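Please keep the sequence and the three-dimensional view side by side while reading, since the explanation moves back and forth between the two.

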Amino acid sequence: MASAPTNSYEAHPLTGKLLKTFFGVYPIGPLVSMPIAGLLRRLGARLPFAFVLRYHSISDNAYSLPGLAVRAAAFEAQLRWLASHFQPVTLDGLCSGTSGSGVRFAITFDDGYRDNYSTALPLLKAVNVPATVFVTTGCVGSEMRIWVDELVEHARALRWKFGRLRREFLQAMRATPQERTAFISGLRLASGVTGKEIAANIPMLGWDDLHQLEQSGIVRVGAHTVTHPRLSQLTPADVTREALGSKHALEAELGSTVSSFAIPFGAAADFTPSTVESLRQSGFDIICSSLSGVVRPSSDRLVVPRVGVYADDTVASILTKVLRALSSRV
Ligand SMILES: [Zn+2]
């Protein structure tokens, strides 16, 4: 889940407007993409780096936060373009030291939406690009849904405008876990939408899907907690409970070791050094964040930066974000 209910550009409205105007319109996008890719390759030849993309849902139906779902055709176009200009690698491969040169990239998906299996997997196979899917295990085989998605469903039923949804989301992010639970319970009463209806509206991966993903040989499964809390608000013991809960559920079902983890929300305010230490002690050796940055051979595997991709993104805007990430310090 992203750090705010925004489309990709809301944090930088002017930049977003400019990007969309100048880069988002075919065929200007590809014309801009080529020189940026050339620049990235020249920089990569001088000092190798990799970037990690963070997707969520790949779907033509946006059932989650506005802007979070990337359309299948857009995803496929991005995959094909990136794979023909840079070297796709697994998350493990990307973090495994000094191997590789130039510009490499890895694909990740957060939360565990079912379309990662039904829509993304066939495209990943067709283009032969590996990926990691980070799963919120409380949603697997149950009616539980990530609280942000549930909030969006209630907001739709209550006909909130986007501004109201954004306000309530930010308030819920600041609230304690107990306050947030009470808030969501109140919304259930107000909207009258049942857990069963919400679960039907937001398809998440089931265990069979996860087996298929693991057996595909092209997708690895990682952990993303049990309930998608904001880890910075939890005690170390509760962080460990969430981390081990998701890790052990996946390992018991899939029969393989799960050693990568994505921090829910993943921005600077969503975790602390203590969080990362609890995750390390829980057995994770690759921990993905949503911080801006690229991965160098010497980078810390315990706070891997990622570039978020959203509904409005084009290849050109993704490359622009990577270029910006190159100047970030993580
Ligand atoms: Zn998430």
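What follows goes from the chain as a whole to two helix pairs, then to one helix and its surroundings, and finally to a few individual loop residues.

The model is a predicted one, and its protein chain holds 13 helices and 8 strands. Of the 330 residues in that chain, 45% count as buried. If one takes the contacts between residues at least 6 apart in sequence, 74% of them join residues at least 24 apart.

Two packed helices are described by the angle between their axes and the distance between the axes. In the pair formed by helix H3 (residues 72-85) and helix H5 (residues 115-127), the axes come within 10 Å and cross at roughly 25 degrees. Because angles under 35 degrees count as roughly parallel, H3 is described as roughly parallel to H5. The crossing of these two helices is right-handed. On the H3 side the contact is made by Ala72, Phe75, Glu76, Leu79, Arg80 and Ala83, while H5 contributes Thr119, Ala120, Leu123 and Val127. Sorted by class, the residues in this contact are 7 nonpolar, 1 polar and 2 charged.

Further along the chain, helix H6 (147-157) packs with helix H8 (residues 177-191) at an angle of about 30 degrees, the axes being 10 Å apart. That angle makes H6 roughly parallel to H8, and the crossing of H6 and H8 is left-handed. Here Trp147, Glu150, Leu151, His154 and Ala157 of H6 meet Arg180, Ile184, Leu187 and Ser191 of H8, a contact that comprises 5 nonpolar, 2 polar and 2 charged residues.

A single helix can also be read by asking where its buried residues point. In helix H12 (residues 273-281), the residues Thr275, Val276, Ser278 and Leu279 are buried. Viewed down the axis of H12, these buried residues fall within an arc of 160 degrees, and they therefore line one face of the helix. The elements that cover the buried residues of H12 include helix H11 (236-254), strand S6 (260-262) and strand S7 (286-288). Just after H12 the chain reaches Gly283, which takes a positive phi of about 105 degrees.

Positive phi values also appear at residues that are not glycines. Which surroundings, buried or exposed, does Arg159 have? Arg159 has a positive phi of about 60 degrees although it is not a glycine, and its place is in the loop between H6 and helix H7 (162-174). Arg159 counts as exposed, because it has 8 C-beta neighbours inside 10 Å and the cut-off for exposure is 12 or fewer. Phe265, likewise not a glycine, has a positive phi of about 70 degrees and lies in the loop between S6 and H12. With 22 other C-beta atoms within 10 Å, Phe265 is buried, since the cut-off for burial is 20 or more.

A last loop residue to locate is Asp313, which lies between strand S8 (307-308) and helix H13 (315-326). Asp313 is buried, with 28 other C-beta atoms within 10 Å. Its C-alpha atom is separated by 9.2 Å from that of Gln78, although Asp313 and Gln78 are 235 residues apart along the chain.

Key. Residues numbered from 1 in each chain as written. Predicted model: local features only at pLDDT ≥ 70, side-chain atom pairs only at ≥ 80, totals over all residues. Axes fitted to C-alpha atoms, helices over the stretch in contact; angles between N-to-C directions. Helix = DSSP H or I, 4+ residues; strand = E, 2+ residues; numbered from the N terminus. Parallel < 35°, antiparallel > 145°, perpendicular 65-115°, else oblique. Left-handed = near helix turned anticlockwise from the far one by under 90°. Contact = placed C-beta atoms within 7 Å. Nonpolar A, V, L, I, M, F, W, Y, C, P; charged D, E, K, R; others polar. Arc of directions from axis to C-beta.
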